[in-house]
Number of protein chains: 2
Amino acid sequence: MISIAILGHGVVGSGVAEIVLHNQEGVAAKAGDAVQIKRILDLRTFPELPYAHLFTTDFQDILQDEEIRIVVETMGGLHPAYDFVKASLLAGKSVVTSNKELVAAKGDELLAIARENNLNFLFEASVGGGIPILRPLDQCLAANRVLEIAGILNGTTNFMLTKMIQDNMSFADALSLAQQLGYAERDPSADIEGHDACRKICILASLAFGKHVLPEQVHTEGITAVSLTDVQYAAACGGAIKLIGRAVKDETGRLFCQVAPMVVPADSLLAGVNDVFNGIMVRGDSVGDVVFVGRGAGKLPTASAVVADVIDEIRHMAVRKPLFWGPGEEGYVADYRQAAYARLLRFTCEKDAQALVQVGQVFGDVRVLSIPGAPEAELAFIAPALTEEALEAKLASLTGMTLVSGLRMYSA
Amino acid sequence: MISIAILGHGVVGSGVAEIVLHNQEGVAAKAGDAVQIKRILDLRTFPELPYAHLFTTDFQDILQDEEIRIVVETMGGLHPAYDFVKASLLAGKSVVTSNKELVAAKGDELLAIARENNLNFLFEASVGGGIPILRPLDQCLAANRVLEIAGILNGTTNFMLTKMIQDNMSFADALSLAQQLGYAERDPSADIEGHDACRKICILASLAFGKHVLPEQVHTEGITAVSLTDVQYAAACGGAIKLIGRAVKDETGRLFCQVAPMVVPADSLLAGVNDVFNGIMVRGDSVGDVVFVGRGAGKLPTASAVVADVIDEIRHMAVRKPLFWGPGEEGYVADYRQAAYARLLRFTCEKDAQALVQVGQVFGDVRVLSIPGAPEAELAFIAPALTEEALEAKLASLTGMTLVSGLRMYSA
C-alpha cells in the first residue's frame, strides 16, 4: 500500500481523486501495489464528499507524514506550489505535478533537487493534458537528435481559431463562446496572449535540447490581433492559422524558440488539429516527423496523465527516471529577430500597378492573394523568408503602404 | 560498456548499426553506458563495411558469448527468429526486436520466458516503425481503461490509397508506383492483403486488452478489391478509404478485432494521415482520443525505435518492464460477423423508382450517393449499421440487384 497526498482539489486534483478511487483495482494492478489517498490539501472543505475526512488546510500534515511517499501537486501557480513541491522533495517524497507554470519557471532546480535526493519529479500532465508526450520524447526518441518541436499547445485558442475558420465567427464571438463552454477563463489573457503555450514550449524545449528555457526568453505573441480577414487570406493561400509554439535548432546550432500565430499549410498534420485538441510535432534526425494529438486539457484527460505518473513512480520506486535537464543560461535562446519566416503581409494602400511594382522591387517575387469582398484599398501577398530585421528595413522603405498584419508562414 | 549483438543485417539491422556507430556519444549519454556491437549474424558477408570483422554466420558465437547482454533481432519471419530469440532469453540475454510476425505469433510465450528469467523482451519497433506507441500505450495510459484502438498500420497500402484518392490513380498503377519507389515488395501480398496490418493490430490488442490475440483470430480483408469507383463514392459521402486495423470492446465486454478497408469521415484525424504515414488512435475512458502519427516503416525510423529500446534496457538493466500480456484463448475474440457497421453499398441494377422503393423497404432510410460519370445501371447508398449476418439476409432478399462492393463506414 502506497500513500499519496494531493495538493489542491480543483479541476485536476479532484479528477485525480476520482480516477484513483473509482478505479482502485485497475490502478493497483498497473502499479503493482494499492494506492491510498491519505491527505488532500485545500483551503476549502467539501463536506459532501465521501472522502471529506482526508482534507486538511495545513501542509505540515502532509510534509511530516512519513507514510506519504508521493505528493501530487495540482494547485497551479508559482506560490505556494513551488515552496510545497521543494519542501516535499527535500523531505524525501517524490512529486508528480500538472503545473506548467511551476515546471516552466523552476523545472531545472526541482529536477536537480529530486536527483540529489534520489527521487523523481514527474510532470507529464503539464504539457498536452492527457497526451503522452514528455515520456515518449525523452525515452522512445532517445536514439534521435531532436531537430524541432512545433505544436498547437493551447486548446482554448485552438477552439477559438477553429470557430473563426470554420464558422466565420469573429474573435470576440469565439472568445465569448469559449467562455460560455468553460474552455476559457473569465480572464482569458494567459490563453489568448500566448503565455500558456509559452510555458509548454519552454518545458518541451528544455527536455528536448537539454537546458532550461525560461518563459521570458521566449518571444510570445498571442492571437488577439488575428482577425477574420487574416483567417480568410490564410485560407486563400491554402492554409489555416494556428497558434504555434516552436523550438528549432538551425544548422549553426542556434536554438530559436517562440510562440506566435502562424499560417500552417493545409497538408500539414497540424492543420487538421481542430477544436480543443492539441497537436505536437517532434522532428528527429532518424525518425522524421512524429505527431501526437489529443485533448490538451480537461479534468479527466489531465488527471489521467497525473495518475499515470503516480503509477510509473510506484512501479519504479527505487529507480530514478532519466527525465532531466540542466540549468539555462543567458543567450542560450537566440534572438527571435534572427529567425527567418515567409510572411502573409496585408497592407492598406492603393491597389494599382505602381503598388505592385514597388512590392516587386522591395520583396522580389511575391504571391498576391485575393479574397471575396476585400476592400479596394487592401493588398495582401506572401513575401519570401526574411528575418525580423530585414523585414522591418523593407517595410520602412515602402511608401504609401500601411502594414495591417504580418503573419508568419509555418514551414517545416 | 554493454555488448550487444544484431541478428540480421538487412534494412533495419544495418540501420541499427548505423545509428549506434555514428551516434556513439549520444547513445552512451542517453544509456548511461557505452554500447558496443560485438557480433552481427548474417549469412551474407559485407567485406566493404568498416565493421566487417563483426560478422558471423554461426548463432552459437552470440549465444555462448556471456559478454553479450542484449540481442537485437531484425531478421524478420518466424524461423529461425523465434528459435534464436527464445534461446537468447533462456541464455539470460534480453531481446529487442522489430519483428512483428514473431511478436504477433509468439509474444505471450516470449514475454513469459523473459519474465521468468527476469529479463526484458522489447518490441516498440514492431508497430508503427519509429512512432512511439507501445510504451505510451502501456505506460502513459496506465490510468485509462482502453476502449478502442484503430489505426492505419501499413504505410504501403496507405501510400497506394492516397495515390488513388488524390491522383485518381488505379489500384494497379498505385501498386506499381509503390514498387518502383521501394515501398512495396515484389510480392506485395503481405501488405495489400492486410496481413501486415493484422499482425500489428494483434500486438496492439494483446497489449491493450491483456491477452494474446493471434492473427488467425482476426478477420482480415486487404485493399485488393478497392476500386477507383469506391474511392469516388467515398469522397461523395465526405470520406476517405483507409485500411483500418481495429480492436474494440463493446458494452458487453466482447472484443472485436479486424482489418478491413473502411470509409473514414473527413473530419477524423485518421483521414488526414496520408502517403506512407501511419496513424494510430487510442481511445481511453479518461483521456479520450489520442492519436500518434509518423512514418510507419523505413530503415532509420524503425532502427531508431530499436535503438531506443536498447537504450531503455541499458538504463534499467536490473528492472523488469511492466510490458506484458497473458496467453490467448479460443473465443477470446468475438465473431466479426456480430460487429455492426454502416456500409457504403454499391449495386449493379436498374436505377429506377422501383429499385429505390425496394431498397427503402429492405434497408430503411438510406443516403443515396452519386458521382459524375457513374454508369446508368449502378446504385450506391449508405445503409445503416448492420451485423454481417443481418446484412447478408437483407442482400439475399433483394431482387434484380447485384452487389459490387460493400465497404464498412468507420465511426468512432
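## Close-ups of a predicted two-chain model

**View 1. Strands β13 and β15 of chain B sit side by side.** In this predicted model, β13 (residues 341–349) and β15 (residues 378–386) of chain B are joined by seven bridges and pair in the antiparallel sense. To find your way in, look for Tyr341(B): its bridge partner in β15(B) is Leu386(B). Strand β15(B) also pairs with β14 (residues 367–369) of chain B, this time over three bridges, and that pairing is antiparallel too. Here a handy pair to pick out is Leu369(B) with its bridge partner in β15(B), Ala380(B).

**View 2. Six strands of chain B make an open sheet.** Reading across, the order is β3-β2-β1-β4-β5-β6, and the pairing is parallel. Which strands are at the edges? They are β3 (55–56) and β6 (121–122) of chain B, each of which pairs on one side only. Let's stay with β6(B) for a moment: two bridges tie this strand to β5 (residues 94–97) of chain B, and the two run parallel. Val96(B) is part of that link, with Leu122(B) as its bridge partner in β6(B).

**View 3. Helix α12 of chain B lies across the open sheet.** This helix covers residues 299–315, and the strands it lies across are β1 (2–7), β2 (35–41), β4 (68–73), β5 and β6 of chain B. Against β5(B), helix α12(B) runs at about 160°.

**View 4. Helix α2 of chain B meets α12 of the same chain.** A pair of packed helices is described by the angle between the axes and the distance between them. For α2 (residues 24–31) and α12 of chain B, the axes come within 8 Å and cross at roughly 40°. That crossing makes α2(B) and α12(B) oblique to each other. Which residues of α2(B) do the meeting? They are Val27(B), Lys30(B) and Ala31(B), and on the α12(B) side you'll find Val307(B), Ile311(B), Ile314(B) and Arg315(B). Sorted by class, this contact of α2(B) with α12(B) has five nonpolar residues, two charged ones and no polar ones.

**View 5. Each chain has a cis peptide bond just before Pro80.** Most peptide bonds are trans, so this spot is worth a stop. In chain A, the cis bond joins His79(A) and Pro80(A), with omega at about 5°. Pro80(A) is in the loop between β4 (68–73) and α4 (81–90) of chain A. Now hop over to chain B: a cis bond joins His79(B) and Pro80(B), again with omega at about 5°. There, Pro80(B) is found in the loop between β4 and α4 (81–90) of chain B.

**View 6. Asn118 and Asn168 of chain A both have a positive phi.** Most residues other than glycine have a negative phi. Asn118(A), though, has a phi near 55°. Look for this residue in the loop between α5 (100–116) and β6 (121–122) of chain A. Is Asn118(A) buried or exposed? Asn118(A) counts as exposed because there are 11 C-beta neighbours inside 10 Å. Phi is near 55° for Asn168(A) as well, and this residue lies in the loop between α7 (155–167) and α8 (171–180) of chain A. Asn168(A), with 11 C-beta neighbours inside 10 Å, is likewise exposed.

**View 7. Chains A and B touch each other.** How many residues of chain A are in contact with chain B? There are 43, and they meet 43 residues of chain B. On the chain A side, α2 (24–31), α6 (134–140), β12 (288–295) and α12 (299–315) each supply at least two residues. The largest share, ten residues, comes from α12(A). By class, that side of chain A has 24 nonpolar, eleven polar and eight charged residues. Because 100% of chain A's interface residues are also interface residues in chain B, the copies meet through the same surface.

**View 8. Strand β12 of chain A pairs with β12 of chain B.** The two strands run antiparallel and are joined by five bridges. One spot to look at is Val290(A), which stands opposite Gly294(B).

**View 9. A turn of 180° lays chain A on chain B.** The RMSD is 0.0 Å, and the shift along the axis is 0.0 Å. That is the relation of a two-fold axis. Which C-alpha of chain A is nearest the axis? The C-alpha of Phe292(A) is, at 2.4 Å from it.

Notes. Residues are numbered from 1 along each chain as its sequence is written. Chains are lettered from A and ligands numbered from 1 in the order in which they are written. This is a predicted model: local features need pLDDT of at least 70, side-chain atom pairs count only at pLDDT 80 or more; totals for chains, interfaces and linings use all residues. Two strands pair if DSSP finds at least two bridges between them. Helices (H or I, at least four residues) and strands (E, at least two) are DSSP runs, numbered from the N terminus. Two residues are in contact if their C-beta atoms, placed from the backbone, lie within 7 Å. Axes are lines fitted to C-alpha atoms, for helices over the stretch in contact, and angles run from 0 to 180 degrees between N-to-C directions. A residue is buried if 20 or more other C-beta atoms lie within 10 Å of its own, exposed if 12 or fewer, and partly exposed in between; C-beta atoms are placed from the backbone. Angles under 35 degrees count as roughly parallel, over 145 as roughly antiparallel, 65 to 115 as roughly perpendicular and the rest as oblique. Ala, Val, Leu, Ile, Met, Phe, Trp, Tyr, Cys and Pro count as nonpolar, Asp, Glu, Lys and Arg as charged, and the others, Gly among them, as polar. Copies are superposed by least squares on the C-alpha atoms of residues with pLDDT of at least 70 in both.
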